[in-house]
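Thanks for sharing this one. Here are a few friendly notes to read beside the model.

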Amino acid sequence: MNDPAKSTTSIGNLLLEQGKLTEKQLQLAQRRQERLHVPLHRAIVELNYASEEDTYRALARLKNLDFVECSQLQFDQATLQLAPAKLVFHYRFIPLAESHGQLTLAFSEPPALSDQGNLRLLLGKRLKLVLTTPSCIDSVIKHHFGLGAETIQKIQEDSSLTEIDQETVFDVSDAGGRSEIHASISDFVDQLLAEALRQDATDIHLEPGQNDVRLRYRIDGILQRVPVPQGLRQLYGAIVSRFKIMAGLDIAEKRVPQDGRISMKTKGLEYDLRVSTLPTSFGEGICLRMLGRQSLFLDLAQLGLEPQQEETLSQLTQLPGGLVLITGPTGSGKTTTLYAALAQANDEGRKIITIEDPVEYQLEGVSQIQARDEVGLTFSTGLRSVLRHDPDVILIGEIRDPETAEIAIRAAQTGHLVFSTLHTNDSVSAVIRLLEMDIDPFLISSSLVASLAQRLAQRICLHCRAPQSEIPEEVRPEMADALNLPEESLQAFVGKGCVECGQRGYRGRVGLYELFILNDEIADYLSPNLKA
């Protein structure tokens, strides 16, 4: 049997010899190992001193085992059925192949001799062990068995749901001691939320069908389907009830839409989830918007603006009055830009009031109002009340109608700095949109200071990007002009797809901005004689 001390010391020395670690990093990893009682290779990965692949490749070498990369693994249904799902979940392995009575299993951690013996008896085959990374094991299990498959299987075994065809509803609001089933429903919901956070999803969509449930995450602006375990449809009512309880909604009301909010904290970061339910033909659909409170600390420098645009927008936030508009489609990051601008404008000498629908983030030192059309608190009526509270800076969630537009422009003319959003295709069209709302041209010229149009474009994954062999000739001159580079020095990249980006080739998004400043020439053109 291997000596743990010798094994852990050897892997550190091996990574040191390969240049993957420094002496200082090895010492810090060993301290973490002793303090938390974890293997050294885990401590190294957790501290991000060496990549997961390099570390586990070194571990495989020390254990005299083959190492397989996740990109090299190919599966079909027959391969995955070589071992029962229950064993896969319990021992955390992947069946790779069977040949002449020998079964090849991929682990992320070398199993103990007792576990190897148990598996040989349970599977009735000789075993060949290989190593891969933990993220590979997790990714394959989620992709082929579904997110939270282990939890769902446990619920089905505990409640004999395999013999039930219709949706089963549990009383997950039981104030007494939670049963194992109730706890497992909560565990599945937690897994669903944790996976969304891990993938940096902005929205979660749960949509019930007649016989199944579709789960999708919106990642980088595009909906990505997430595999779910078989039998989830039977538990869907309990999952909906769990979300409703967390959001403070009525679990008995299923006929009308409901909206609520959930606050959660994980790994020291706080998140708000905006929950919306919608009655459909096969049950209630759920949409959750993930709002990260840490995003509030974004400053203008983190938005991706060009240096000149950033300087101009920073100056706009310090103006004593005027109207600044942010334009762009839904999901283009307008709210993030608005809050970054408010954070820049926020100081002890100014009073800031916002009226939003909904209030997506809580801002320190800012008075925020939730618009409620059902009780008559609209943007226009709320704005009139806001003006009586002596604000210096006002944020209006959206200019939707001529009345709101007129009050906003009047406020901008009377010594208030007003920020708002407008739906137009580009920055210059903000003027045309205001004219279409029957706002007098001279009011626009005397109040509108600037408009910023923005879009979010997908960013090529930094882990798998590779040089693109050819750049289309029709775009080379435009690229060279935009980057101020000679055409022969242009270099383009393409994402090949990897584990980090889910084989998509893209990870994250970058902002694209167009800033329009209303100068004297344009203001003179907007004479009182012009009509919309």
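The points below cover confidence, then one helix, then one glutamine.

1. Please keep in mind that this is a predicted model, in which local features need pLDDT of at least 70 and side-chain atom pairs count only at pLDDT 80 or more, while totals for chains, interfaces and linings use all residues. Residues are numbered from 1 along each chain as its sequence is written, and side-chain values use heavy atoms, with hydrogens and water left out.

2. On confidence: pLDDT is the predictor's confidence in each residue, from 0 to 100. The chain averages 84, and 90% of the residues score at least 70. Confidence is lowest in helix H1 (residues 4–17), with a mean of 68, and highest in strand S11 (residues 322–327), at 95. Helices (H or I, at least four residues) and strands (E, at least two) are DSSP runs, numbered from the N terminus.

3. Two stretches call for care. Over residues 1–8, pLDDT stays under 50, and so it does over residues 161–178. For residues 161–178 the model has 34 contacts (heavy atoms within 4.5 Å) beyond four places in sequence.

4. In helix H4 (residues 52–62), the buried residues include Tyr-56 and Leu-59. Buried means under 20% relative accessible area, exposed over 50%, partly exposed in between (1.4 Å probe, protein chains only). Just after H4, Asn-64 has a positive phi of about 60°.

5. Gln-258 is in strand S8 (residues 258–266) and counts as buried because its relative accessibility is 11%. A polar atom of its side chain lies 3.0 Å from the backbone nitrogen of Asp-250; the backbone oxygen of Glu-253 also lies 3.0 Å from a polar atom of the Gln-258 side chain. Among the residues that Gln-258 touches are Lys-244, Leu-249 and Val-275.

Terms used. A polar contact is a pair of N or O atoms within 3.5 Å; within protein, one must be able to donate a hydrogen and the other to accept it, and residues adjacent in sequence count only if both atoms are side-chain atoms.
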